[in-house]
Structure formats: C-alpha cells, structure tokens
Amino acid sequence: MTAFSVFFILASFCVQNVSAEDQQDEKKNGFRITKDTVLNVGLSLTPEYESNITKASEKTTIDGVKVGTVSDMILHYSPSIRIKLDDMNKTVGFSVFLDYNHYLGLQDKDASKKLSDLDIKSGLIGEFNKKGRAFFDFSNHFSRNASPDGQDLSGRHKNILDNFVLGLGLKNIEDTLLMKVQAGVDFNYYEESKDQSAYKDYNYVSFVGDIFGRWKFLPKTTVFLKAAYRYQDYYESSIRSDSRSMPVNIFAGIMGQITPHLSAKLSAGYSVSISKDIRHDYNANAELVFKYGKNTLLTSGYLRNMRPSPYYQHYSTHRLYLNFKQKMARVLLAKLDFSYSFLEFGPQIIPDAAPGSPVVTIPGGVREDQLLMLNPSLSYNILSWFGLKLSYELEYRTSDYDRLVVETLPDATTRTVHTYYDFIDHKVLLNIALDY
Amino acid sequence: MKKLIVFMMLFGVVQFIFAKTENEPADTRSEADSILKEAAQKAARVSEIEAVLDKVNKDAVKEKDVKWKVCLDSFIGTFKGVSLSAVKAGSKIEELVLAGQIDEAKNQLILLRGLAESAEKTLTESQTCERQLTRVDAQSSVIKEVNTKITGTLSNESVNDAMGIGFSREFVADTDKSVVSGSDLADAGGVDSSDVNVESPGSQGENPVSETEIEDIIDTPDIIDVSPTK
C-alpha cells in the first residue's frame with residue numbers, strides 16, 4: 001500500500017510537469033556522444049502477478065499425487081543500455097538488457113524463490129555502405145531467458161540462445177530492386193541439461209541460409225521472394241540421428257498500401273521438412289492492416305508455417321491473430337493483442353531406452369496443441385522518456401501430449417512422474433519505465 | 001545698419017563661391033568611388049561564375065559524362081571571351097577613374113554590366129545541360145538517382161509504415177529496450193528477417209533517435225539534383 005502511494009504521488013507529480021514541449025521532444029532522447037552516436041540508458045521496474053509461475057498442468061502427478069500450480073508475485077528490475085553510431089553510410093549498434101526476476105515466494109517459498117534469476121538480452125548490429133549499390137550487414141543476438149519461445153517445451157526453463165547472421169545486399173540505382181543473401185548460425189542450450197539428461201535432447205545448433213529479393217513497383221508497395229534453409233542438429237540428443245532436420249521454405253508475395261487507410265500482405269509458398277521422414281507442406285500469410293489517421297491501427301491475419309521439432313521432426317502452425325492499437329491524447333496507448341494457434345506435430349520419434357535409465361513413455365499418435373493468447377494493455381507516456389504500462393496476459397494451452405517417466409531413486413524405490421503440457425496462466429503487470 | 005547689410009551680402013556671396021568650388025571635387029570623388037565599387041563587384045561576380053563553371057567541368061570529367069562535358073564545353077568556350085573582356089573592362093575603368101575621365105569610365109561600366117549579365121545567362125544555360133548519369137560510386141549514384149516517387153524519402157512513405165510497423169514506438173513503456181534497431185534497408189515488413197513465413201512485426205523495438213537524423217539529412221539538398229533536360 002505504501003509503495004502504491006509513493007508511486008501515485010510520483011506519477012501525479014510527473015503529470016503536473018508534462019508540457020507540450022516535452023511531448024514534441026519525444027524523438028530527441030539519448031545522450032549524444034558524438035555527432036552521430038547516441039547513448040540511451042533505461043531502467044524499469046515491473047511488479048508482476050502470475051497465477052502459474054511454472055506453466056504447469058493441473059493434471060501433472062508424482063506417484064499419483066497432483067502437483068498443482070503455484071502463483072507468485074515477481075519484481076523485475078531491468079536496467080538497459082543502447083548505443084548506436086548511425087550516419088549516412090553505416091550503422092553500428094549495441095544493446096544490453098538485464099532483467100532480474102525476484103520471486104517473492106508468497107504461496108510456496110521453496111517452489112518459487114529458486115526461480116529468481118537474471119535474464120539477459122543483448123544485441124550487436126552493423127550495417128555498412130548503406131548508400132552504396134552493395135551493402136553488408138551483420139547481427140548477433142544473445143539471450144538467456146527463463147521463458148523460451150519454441151512450442152515443444154512449455155514451462156519455465158533456463159535457455160541460452162545465440163543467433164548470428166551475416167548478410168550481403170545488392171540494390172539497383174533507383175533502390176526499387178533489392179537482393180540479399182544471408183547466412184548464419186543459431187546455438188541453443190538449456191542450462192538444465194547439465195543435471196538432467198532429458199534436456200539434452202533439446203539443445204541444438206542450426207546453420208541457416210537464405211536469399212531474399214524485393215521489387216518496389218508502386219509507392220509503399222513491394223513484391224518479394226524468399227528461399228531459406230535451416231539445418232538443425234540436436235547435437236547432444238539421445239535420438240540425434242532421427243531428430244536432426246532440414247526444413248526448406250520458399251515463398252513469394254506482395255504487400256503494401258491499397259488505400260490510405262488499408263494495407264495488405266499476401267504471401268504463400270512451399271515448405272518441406274527433411275528429417276527422418278520427409279514432409280511436404282505449404283506456408284502462407286494473409287494480413288490486413290487498417291489505419292485511421294495516426295492514431296488507430298488494426299492488424300488481423302492468418303499464418304501458416306512449419307518449424308523443426310526434436311521429438312516430432314516438425315510442427316506446423318495455423319494462427320489467427322488480431323492486434324489493435326489506439327492512441328489517445330498523444331500520451332495514451334490502448335492495445336489489444338489476440339492470437340489463436342493450432343499446432344500440428346509430425347510423427348513422433350520414440351527414443352530407445354538405455355539400460356538403467358528412466359523409462360520414458362510418450363503417447364504415440366498425432367500430437368495437436370491449441371494455444372490462445374490474449375493481451376490487453378494501457379500505456380501512458382508521462383514524459384517522452386518516462387512511461388507506465390498496465391497489462392494483462394492470458395496464455396491458455398491445451399495439448400494431448402503427456403510424458404510418463406518411471407525412474408529408480410538411489411534408495412531403490414521408484415518414482416512415477418506423469419507430466420501433462422496443457423496449462424492456463426494469468427499475468428498482471430505494471431511496468432514503470434524510464435528510458436532516456 | 002547699411003554696413004551690416006553690405007557685410008552680410010558679401011559674406012553670402014563669398015560663401016556661395018567657395019562652397020561651390022569645394023563641393024565640386026567631393027561629388028566627383030563620390031561618383032568615382034561608386035564606379036570603382038560597382039566595377040569591382042561585377043568583375044568579382046564574373047570570376048565567381050568562371051570558378052563555378054570550372055568546377056562543374058571538372059565534375060563532368062571526373063564522372064566521365066561525355067554528353068554533359070560536350071554540352072558544358074560550348075558554354076565555357078563562349079564564357080572565356082566574356083570573362084576576358086570583363087577583366088579588361090574592369091582594369092580600364094580603374095585607369096580612367098585615376099585619370100579623372102569619369103565619363104569614359106561610365107561608358108566602360110555600362111559595357112562591364114552587359115558582360116556580367118551575359119555571364120549570368122551563360123551560367124543559367126549551362127545548368128540545363130543533360131547528364132548521362134553514368135557515375136556509379138556509392139555517394140552519388142544511389143542518392144541522386146533514387147526513384148523517390150516509389151521509394152519515398154521519409155520513413156512514413158515506406159512499406160514498413162504501410163504495414164503499421166513502428167506505429168507506437170514513441171511509447172516508452174511499450175517498446176522493447178533490448179533491441180537496437182538498424183536501418184532496415186530492405187523495407188519489406190520484416191519478411192527478410194526470418195527463414196519462415198511470419199506475420200509483420202508489431203514494433204521495431206527501440207526509439208530510433210538516430211534514424212530521425214538520417215531523414216533530416218536526406219531532406220536537406222546535399223543531394224546533387226539531376227539537371228533538367230535541355
């Protein structure tokens with residue numbers, strides 16, 4: 001209550017000091033190191049309530065006893081730094097964002113306090129000869145995250161992901177035609193794999209390459225073509241030879257403005273997953289963007305694509321999504337993000353049980369998951385460098401995937417863990433952000 | 001009283017006579033100064049135009065733009081005569097003024113005015129020379145020949161803008177502070193950034209402070225405009 005009062009007084013004070021000049025200066029934040037180099041420094045504090053901190057299923061049992069879910073209050077302390085040299089010919093930038101999650105352990109101290117940890121996100125980018133007919137760029141993104149993306153392994157796991165890409169682009173004199181070739185490598189590692197061998201099946205290294213071309217033939221409108229491959233090797237997996245895969249995606253499309261209020265994107269193509277089995281598929285994205293003035297944006301669309309999976313070779317996503325943004329009085333932003341995804345997994349790879357190791361049973365057949373995300377939020381710019389955001393997030397997943405592990409403990413007794421992967425998670429967050 | 005009136009009249013006559021003789025050279029000096037000043041200005045302007053034409057001619061040679069060079073040569077040839085005459089007229093005016101021949105100097109100034117006018121006309125006409133646009137170095141070819149009708153010159157004329165990318169980036173609590181954004185040279189709604197077909201990203205991440213500067217630079221005319229067709 002005291003903290004809330006302090007925050008309220010602080011917010012009220014800041015509101016009193018808002019001026020039109022401050023709002024107009026919104027693009028001038030940052031410390032200018034040199035003529036073309038700007039340093040941005042940020043700090044945010046986010047109290048968060050989460051109803052299911054491990055994204056666990058209520059059906060999960062240990063020796064027949066339901067484990068249940070744990071809720072908690074988490075405080076995020078997040079300093080950040082971005083520095084960017086940007087001139088006519090080159091851009092070089094570096095960012096680092098730290099997020100210390102402090103679990104207060106309100107419901108179950110043992111279960112939640114050990115989750116307190118540091119998340120890290122860092123980026124390094126470079127673009128050279130930007131105004132030339134041939135340009136070169138690179139990027140490296142590193143993250144240490146307790147809630148990795150990926151749809152195979154729901155829950156909370158400490159994941160390290162590094163993504164490095166090199167690109168070479170060519171464009172014509174008029175800048176209407178552009179072609180780009182990229183090559184990169186992704187490295188993914190679960191820290192839990194040090195102690196729990198099951199996680200080793202998810203660690204991977206990926207080699208990625210693609211060629212992209214676009215032609216702007218009308219104002220704000222372009223046609224594009226992309227062909228990409230990925231060779232993903234689960235290098236520590238017990239089923240390495242079967243789970244490694246090479247998805248190839250080729251797609252073409254058109255996007256741009258139809259009227260001043262309406263824009264659209266249509267793209268479609270062919271996907272193939274070359275793994276233990278070969279799966280031919282299609283990919284598609286249809287998107288409609290409605291803009292009304294500078295204050296209203298509505299985006300809705302349908303997406304289908306295919307990605308690799310360690311146990312199922314690949315999974316295809318059908319997604320319907322809708323994003324709505326409304327700016328009010330120049331300082332308020334109301335947002336609503338909604339998506340529904342239907343995930344179809346490929347044929348399951350059943351690992352051979354090694355002698356003495358836990359007996360793992362994964363139900364056969366076709367795995368199908370459904371994922372519903374709903375995220376309304378309200379943001380308020382008190383100053384161009386100081387803002388608040390109140391948001392709610394709902395994540396609801398149903399899955400017919402479950403995993404039965406019978407393991408022998410050191411005292412010769414056995415333990416049966418039956419894990420389900422459907423869950424519901426509610427979050428309420430208040431983000432207080434300073435970013436200058 | 002009579003004596004006083006006579007004295008006053010004599011004083012007035014003397015004043016009139018002496019004042020006239022003293023003022024006459026002052027007027028002449030002022031006119032001479034004015035002639036010299038204008039002559040110097042006209043001569044300097046002709047020299048300035050000569051320097052501009054010389055620089056443009058060198059650019060044409062550097063860019064190996066034969067068409068442009070040939071066109072410029074015809075104007076530069078004509079201009080050489082104008083420039084020489086202007087220099088001669090300028091020095092002659094100076095000599096005439098020193099010799100006190102103000103009327104002659106005035107005639108020469110009229111000639112110099114005509115030559116300067118001719119020089120201005122030559123400069124204007126030389127700017128209508130058509131260029132072949134053969135220069136292919138990074139600095140000029142892309143900037144000056146970008147098809148801005150299609151590509152736009154500002155971020156709000158891009159494909160990304162049409163797709164709503166960066167719509168709410170000014171909201172400090174709503175942006176991703178872990179991302180440092182590049183220039184997105186592809187301007188293709190994020191399609192180029194993933195190996196699979198994906199939806200358009202909702203936000204570009206950070207507040208692009210420096211990108212604003214680039215837009216400003218593009219707006220200011222350090223871009224070499226293509227000369228209009230002759």
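## Strands side by side in chain A

Let's start with a pair of neighbours: strand β9 of chain A (residues 159-171) and strand β10 of chain A (residues 177-190) run antiparallel and are joined by 13 bridges. This is a predicted model, so keep that in mind as you look around. Within the pair, A:Gly167 faces A:Gln182 of β10(A). Five residues sit between the two strands of this hairpin, and A:Asp175 there has a positive phi near 65 degrees.

β10(A) has a partner on strand β11 of chain A (residues 204-218) too, again antiparallel, with twelve bridges. If you want a landmark for that pairing, look for A:Met179, which stands opposite A:Gly213 in β11(A).

Pull back to the whole chain and you'll find 24 strands and four helices in chain A. Of its 436 residues, 33% are buried. Take the contacts in chain A between residues at least 6 apart in sequence: 55% of them join residues at least 24 apart.

## A strand with two faces

Further along comes strand β14 of chain A (residues 262-274), where the side chains alternate. One face has A:Ser263, A:Lys265, A:Ser267, A:Gly269, A:Ser271 and A:Ser273, which are buried. The other has A:Leu262, A:Ala264, A:Leu266, A:Ala268, A:Tyr270, A:Val272 and A:Ile274, which are not buried.

What does β14(A) pair with? Strand β13 of chain A (residues 246-259) is one partner, antiparallel and with 13 bridges. A:Gly253 lies opposite A:Ser267 of β14(A), and the hairpin formed by β13(A) and β14(A) has two residues between the strands. Strand β15 of chain A (residues 278-292) also pairs with β14(A) in the antiparallel sense, over 13 bridges. There, A:Ala264 has A:Leu288 as its bridge partner, and three residues make the hairpin connection from β14(A) to β15(A).

## A tyrosine in a loop

A:Tyr234 is worth a stop. You'll find it in the loop between β12 (221-233) and α4 (240-243) of chain A. Is A:Tyr234 buried or exposed? It counts as buried, because it has 25 C-beta neighbours inside 10 Å, and the cut-off for that is 20 or more.

Which residues does A:Tyr234 touch, leaving aside those up to four places away in sequence? They are A:Asp201, A:Asn203, A:Tyr204, A:Arg240, A:Ser243, A:Arg244 and A:Pro310. With A:Tyr204, the sequence separation is 30 residues, yet the C-alpha atoms are 4.1 Å apart.

## Helices and cores in chain B

Now for chain B. The largest nonpolar core has 26 residues, and those touching the most other members are B:Val46, B:Leu72, B:Ala86, B:Ile93, B:Leu112, B:Leu115 and B:Ala119. Helices α1 (2-62), α2 (66-98) and α3 of chain B each bring at least two residues to this core, and α2(B) gives the most, with eleven. Apart from this core lies another one, of twelve residues, including A:Phe212, A:Met255, B:Met163 and B:Val191.

B:Leu112 touches B:Ala39, B:Lys42, B:Ala86, B:Ala89, B:Gly90 and B:Ile93, once residues up to four places away in sequence are set aside. As for α2(B), its 33 residues should span 48 Å at 1.5 Å a residue, and the 47 Å between its end C-alpha atoms agrees with that. After α2(B) comes B:Gly100, with a positive phi near 80 degrees.

## Where the chains meet

How many residues of chain B are in contact with chain A? The count is 53 residues of chain B against 86 residues of chain A. On the chain B side, α4 (138-145), α5 (148-151), α6 (159-162) and α7 (209-219) each supply at least two residues. α7(B) gives the most, with seven. Sorted by class, this side has 23 nonpolar, 18 polar and twelve charged residues.

## How sure is the predictor?

For the complex, the predictor gives an ipTM of 0.79 and a pTM of 0.68. Chain B averages a pLDDT of 72, with 69% of the residues scoring at least 70. Within chain B, helix α3 (residues 102-126) has the highest confidence, at 86, and α7(B) the lowest, at a mean of 30.

Two stretches of chain B deserve some caution. Residues 134-144 stay under 50 in pLDDT, and the model has 25 contacts for them beyond four places in sequence. Residues 203-230 are also below 50, with 64 contacts in the model beyond near neighbours in sequence.

Notes: Residues are numbered from 1 along each chain as its sequence is written. Chains are lettered from A and ligands numbered from 1 in the order in which they are written. Two strands pair if DSSP finds at least two bridges between them. Two residues are in contact if their C-beta atoms, placed from the backbone, lie within 7 Å. Ala, Val, Leu, Ile, Met, Phe, Trp, Tyr, Cys and Pro count as nonpolar, Asp, Glu, Lys and Arg as charged, and the others, Gly among them, as polar. pLDDT is the predictor's confidence in each residue, from 0 to 100. A nonpolar core is a set of buried Ala, Val, Leu, Ile, Met, Phe, Trp, Tyr and Cys residues joined through C-beta atoms within 7 Å. The expected span of a helix is 1.5 Å times one less than its number of residues.
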